Amino acid sequence: MTRNDVHAKLDALAKPVGSLGRLEALAVELAVTGRSLTPATRPRRLVLFAADHGVVAQGVSAWPSAVTTAMVETILTGQATSAALATTHGVDVRVVDAGMAQPPRRPWPAHFNAQPVAPGTADLSVGPAMSVDQFDAAWALGAAEAQAAVDQGYRLLIAGEMGIGNTTSAACLTHALVGIDADTATGSGAGADAAMRAIKRDIVAKAVARLEGRTDKGALSAIAGFEIAAMAGFYAEAAAQGVPVLLDGYVTTAAALIAERLCPGTRSVLIAGHLSAESGHRAALAQLGISPVLEWQMRLGEGSGALVALPLLDSAAALLCDVARLADIGA
Ligand SMILES: O=C(O)c1ccc[n+]([C@@H]2O[C@H](COP(=O)([O-])O)[C@@H](O)[C@H]2O)c1
Ligand SMILES: Cc1cc2nc[nH]c2cc1C
């Protein structure tokens, strides 16, 4: 099934050609990524991967690592932004501890999967964030989540993340894999001021310089995070299964860049939910050849941008699945 097939179907529907504007372009994306002229967006699942980052010790985030745990607890009780949006849009949620410094309080609900690779990464500013074995373990965790979701019949997948310090890792990965300069790759994350952002940029520049241009798995392990490596495995497995994935912001896109680097073709299932306020995101999406549904200056993470874009995907699916053809209405 080609893009032309989808355009032909859209043009034959009971409406003037092109009259649904960008919704038609989104319908094409959904049909192509889902490999169907009647793509499904239900049932859908959000898998939120959480982990901590040793580089936080360098003062790169406005928040301490304890906030990762506090937010995971809030997600688990259904009161975080992501959980509220997931509930309102009929999205099932799972939360995965891929490597938090401190696990959430017990009792743990059934939708929490505690498989920490380690209690946070090592500080990427002084050495590799993780070993290749740890990268492989995080990747396998994400891949298993995607496989389980597909086995359970989910037709659309979203990965979200929670990890204080993870925009430093995302900036390193984008600098290394997209080639934009360290300054553009480095944003304010969850609220860094100008002085903090300058420290962060210098750390990003030095960590990537140490790789000397290498972007193999060993090099990427040095600058990744456990939740990011897990999301990369999640995306690669979703692609292997041919299930569409809705990307969130800068951090999830960094994971998609890893997946595309290590498993070329992963991008064929990716739809970009939104353009994050982080300055490197536009170039990262361009490298993957996808354009965002929304440009709303969101920069939360947790899958929130993907969840806000989701009703537009539902609209695109309804168009392809439920609208009559002109030929059938006697017009
Ligand atoms: O993905 C994005 O576009 C994004 C942009 C800014 C912040 N975040 C979120 O904020 C946290 C990381 O911010 P920071 O400043 O601690 O690196 C992490 O939990 C992310 O989910 C996420
Ligand atoms: C409060 C808070 C909520 C978040 N959700 C995702 N990243 C976050 C970072 C902070 C600081």
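Two strands count as paired when DSSP finds at least two bridges between them; helices (H or I, at least four residues) and strands (E, at least two) are DSSP runs, numbered from the N terminus. What you have open is a predicted model, where local features need pLDDT of at least 70 and side-chain atom pairs count only at pLDDT 80 or more, while totals for chains, interfaces and linings use all residues. Residues are numbered from 1 along each chain as its sequence is written, and chains are lettered from A and ligands numbered from 1 in the order in which they are written.

**Stop 1: the sheet**

Select strand β1 (residues 44-51) and β4: the two run parallel and are joined by seven bridges. Look for A50, which sits opposite M162 of β4.

Now stay on β4, residues 156-162. Seven of its seven residues are buried, where buried means that 20 or more other C-beta atoms lie within 10 Å of the residue's own, exposed means 12 or fewer, and partly exposed is in between, with C-beta atoms placed from the backbone. Turn the strand edge-on: L156, I158, G160 and M162 point one way, L157, A159 and E161 point the other way, and all are buried.

Add strand β5 (residues 245-247), which pairs with β4 in the parallel sense over two bridges. I158 has L246 of β5 as its bridge partner.

Go back to β1 and bring in β2; this pair is parallel too, with eight bridges. A51 is opposite G99 in β2. Strand β2 (residues 91-99) is largely enclosed by the rest of the structure, because seven of its nine residues are buried. From β2, step on to strand β3 (residues 112-114), joined to β2 in parallel by three bridges. Here V96 is bridged to N113 of β3.

**Stop 2: a helix with one covered face**

Select helix α4 (residues 81-88) and colour S82, A83, L85 and A86, its buried residues. Look down the axis of α4: these residues fall within an arc of 165 degrees (taken from the directions from the helix axis to the C-beta atoms), so they line one face of the helix. What lies over them? The cover includes β1, α3 (66-76), β2, β4 and α13 (304-322), with contact meaning C-beta atoms, placed from the backbone, within 7 Å. After α4 comes G90, which has a positive phi, near 65 degrees.

**Stop 3: the ligands**

Show ligand 1. It is surrounded by 22 residues, and the closest are S61, G189, G249, S276 and G301; a residue is near a molecule or strand if its C-beta atom, placed from the backbone, lies within 6 Å of it. The elements that give two or more residues to this shell are β4, α6 (166-178) and α11 (250-262). Helix α6 provides the largest share, three residues. Colour the shell by class and you get seven nonpolar, ten polar and five charged residues. In this scheme, Ala, Val, Leu, Ile, Met, Phe, Trp, Tyr, Cys and Pro count as nonpolar, Asp, Glu, Lys and Arg as charged, and the others, Gly among them, as polar.

Switch to ligand 2. Around it are W63, V67, M71, M162, A190, L300, G301 and E302. Six of these are nonpolar, one is polar and one is charged.

**Stop 4: backbone oddities**

Keep E302 selected: it is not a glycine, yet its phi is positive, about 65 degrees. E302 belongs to the loop between α12 and α13, and E302 counts as buried because it has 26 C-beta neighbours inside 10 Å. Q297 is found in the loop between α12 (281-288) and α13. Its phi is also positive, about 55 degrees, although Q297 is not a glycine. Is Q297 buried or exposed? Q297 counts as exposed, with 9 C-beta neighbours inside 10 Å.

For cis peptides, pick the bond from R42 to P43, with omega near -10 degrees; P43 is in the loop between α2 (21-34) and β1. Then try R106 to P107, also cis, with omega near 0 degrees. P107 lies in the loop between β2 and β3.

**Last stop: the domains**

Zoom out and colour domain 1 (3-37 + 320-329) and domain 2 (44-313); the bounds come from an automatic or database domain assignment. Their centres, taken over C-alpha atoms, are 32 Å apart. At the border, six residues of domain 1 are in contact with nine of domain 2. The domain 1 side splits into two nonpolar, two polar and two charged residues.

Note on methods:
Two residues are in contact if their C-beta atoms, placed from the backbone, lie within 7 Å.
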